[in-house]
Amino acid sequence: MSVPAEPLPEPRAGEVWLSRDTIAARVEELGAQISRDYQGQELVLVTVLKGAVFFLADLSRAISIPHRLEFMAISAYRAASRESTGRIRLLKDLDAPVRDQHLLIVEDIVDTGLTLNALLKTLRFRGPAAVDICTLLDRPYRRLVDIPVRYTGFTASDDFVVGYGFDHRQRFRGLRDIHILE
Ligand code: IMP
């Protein structure tokens, strides 16, 4: 007689990889750098819902020059939870035109870069003065397309992370630190 398989244990947020204090200190540095670099320019922070909104909220407050916030929502077609295909569907577009403005895309993590590459094409089509990228985490060794990342918070290992906006099936976003998923 066959023994019924044990159900897989629920994934849980394991050890803290980046503490809230480490994140906060780095976000302050990024904000100061961005404020210097974009002095005198019309800066628009473009954020893709939902993961990056936690980073955006802190980054916006760390930027001392005037700037606007714009949000987009996309659905990325994925073969598996982490596998990008590079095809996106726009669920929510920008609210205002961005022609001749300096766009800074605020991302949670750049992995293969496929999702962001599709987004870059969409945004460049709108005639901005420039489009740059600021990402909290980067996995450059996973890149499948070349993406011009201008600001990086931290380089990440291949471990799946949760917290500070990062989710696993919509869970764990509200954790204050970034944990390794177990
Ligand atoms: P890619 O750069 O197109 O491969 O996709 C990056 C997206 O995958 C991110 O915006 C996240 O939504 C998701 N992602 C990749 N790695 C992680 C992780 O470690 N934790 C949570 N989400 C992740």
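**Questions about a predicted model**

Tutor: Let's start at the ligand: strand E5 and helix H3 (114-124) each supply at least two residues of the shell around the ligand. Please keep in mind that this model is predicted.

Student: Which element gives the largest share of the shell around the ligand?

Tutor: That is E5, with three residues. Of the 16 residues around the ligand, those that come nearest are Ser-84, Thr-112, Thr-115, Arg-139 and Val-161.

Student: What makes the approach of Arg-139 to the ligand a polar contact?

Tutor: The cut-off for a pair of N or O atoms is 3.5 Å. A side-chain N or O atom of Arg-139 is 2.8 Å from an oxygen atom of the ligand, so the pair qualifies as a polar contact. Asp-108 also has a side-chain N or O atom 3.0 Å from a ligand oxygen, and for a polar backbone atom of Asp-111 the value is 2.9 Å. On its own the ligand has 500 Å² of accessible area, and the protein covers 89% of this.

Student: Moving to Thr-135, is this residue called buried or exposed, and why?

Tutor: The limit for buried is under 20% relative accessible area. Thr-135 has 0%, so it is buried. You will find Thr-135 in strand E6 (residues 130-138).

Student: Which residues does Thr-135 touch, leaving aside those up to four places away in sequence?

Tutor: Among them are Phe-55, Asp-108, Val-149 and Tyr-151. A polar atom of the Thr-135 side chain also lies 3.5 Å from the backbone oxygen of Asp-108.

Student: Which residues have the most contacts inside the largest nonpolar core?

Tutor: They are Ile-34, Phe-55, Leu-59 and Leu-137, in a core of 28 residues. Several elements each supply at least two residues of this core, including helix H1 (20-37), helix H2 (53-62), E5 and E6. There is a second, separate core of 17 residues, which includes Val-44 and Leu-94.

Student: Why might nonpolar residues gather like that?

Tutor: In soluble globular proteins, nonpolar side chains tend to be buried together.

Student: How do you know that E1 and E9 pair?

Tutor: Pairing needs at least two bridges. E1 and E9 have three, in the antiparallel sense, so they count as paired. One bridge joins Leu-18 to Ile-178 in E9.

Student: Why are E1 and E8 called edge strands?

Tutor: The open sheet runs in the order E1-E9-E8. Strand E1 (13-18) and strand E8 (161-162) each have a single partner strand, so one side of each has no neighbour in the sheet.

Methods. Residues numbered from 1 in each chain as written. Predicted model: local features only at pLDDT ≥ 70, side-chain atom pairs only at ≥ 80, totals over all residues. Heavy atoms only, no water. Helix = DSSP H or I, 4+ residues; strand = E, 2+ residues; numbered from the N terminus. Buried < 20%, exposed > 50% of the residue type's maximum accessible area, 1.4 Å probe, protein only. Polar contact = N/O pair within 3.5 Å; in protein donor to acceptor, adjacent residues only side chain to side chain. Contact = heavy atoms within 4.5 Å. Core = buried A, V, L, I, M, F, W, Y, C linked by side-chain atoms within 4.5 Å. Near = heavy atom within 4 Å. Areas by Shrake-Rupley, 256 points an atom, 1.4 Å probe, with all protein chains shown as cover.
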